[in-house]
Amino acid sequence: MLKILMLEDDEVIANLLMRYLAQYAKVTHKIQPLEALELLDEQKFDIIILDLTLPQLDGLEVCKLMRKVSNAKIIISSARSDINDKLFALENGADDYLPKPYDPRELYARIKLLHARQGGTEDKDSKFKLDTNACLIYKEGKALELTMAEYQIMQLFLENKAQAFSRADIANSVDSHRFDSGIESINVLIGRLRKKVERDYKHPEYIKTVRGLGYKFDE
């Protein structure tokens, strides 16, 4: 189970997020930054959810300190909308920046994607090769002709083989796809992708439908 450290001084927000995330992860909540930093010296966490408006220390400074002592993925959760705050955070250890208010489902989608992309080794037996530098995906040595949205979905699948993703998860992971255009359009993208990836797109062997949820990539 995922281990999450949440540093949030708003008790209402913290309780709401903890109730939702409890079904997926073990969440430890702290209000004081120094207590959270001490805890990072004692325990290993997968994800840190960090507010910026905190007692004792500013959240941006806390972010820098946390990155020095932990390899956990850091998600900034803040009502501060100054672009300079966002840039500073991302340049000093944060992996994502989620402005408040937001739906807890979006937070969990980001948590799941960040955690899934930690580490990972290339599968040498795979027919597919992912080249993130060139934004290319090869099947049996031949580059697939993919749109950016299709590439990003395949990247998600290849980095998380056999893991099921809802349509909302996929939409949240694809920067080139507007979430407000409707998650049903993910079905259209998956259909196009199958035609480029599968030998018989009507009987897919790689991109499989998970009934009642969404899709997964299995090889």
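Tutor: Axes are lines fitted to C-alpha atoms, for helices over the stretch in contact, and angles run from 0 to 180 degrees between N-to-C directions. Helices (H or I, at least four residues) and strands (E, at least two) are DSSP runs, numbered from the N terminus. This model is predicted: local features need pLDDT of at least 70, side-chain atom pairs pLDDT 80 or more, while totals for chains, interfaces and linings use all residues. Residues count from 1 along each chain as its sequence is written, and side-chain values use heavy atoms, without hydrogens or water.

Student: How do I read two packed helices?

Tutor: Use the angle between their axes and the distance between the axes. Here, the axes of H3 (residues 59–69) and H4 (residues 83–91) come within 9 Å and cross at roughly 10 degrees. H3 is therefore roughly parallel to H4 (under 35 degrees; over 145 is roughly antiparallel, 65 to 115 roughly perpendicular, the rest oblique).

Student: Which residues of H3 and H4 make the contact?

Tutor: Contact means heavy atoms within 4.5 Å. H3 brings Leu-60, Cys-63 and Lys-64; H4 brings Asp-85, Phe-88 and Ala-89.

Student: And the sheet in the order S9-S11-S10: which strands stand at the edges?

Tutor: Two strands pair if DSSP finds at least two bridges between them. This open sheet has three strands, with antiparallel pairing. S9 (165–166) and S10 (207–210) are at the edges; each has a single partner strand, so one side of each lacks a neighbour in the sheet. S9 pairs with S11 (residues 214–217) over two bridges. Ser-166 has Gly-214 as its bridge partner in S11.

Student: Which strands does H6 touch?

Tutor: H6 (residues 148–159) packs on the sheet and touches S9, S10 and S11. Its direction makes about 60 degrees with that of S11.
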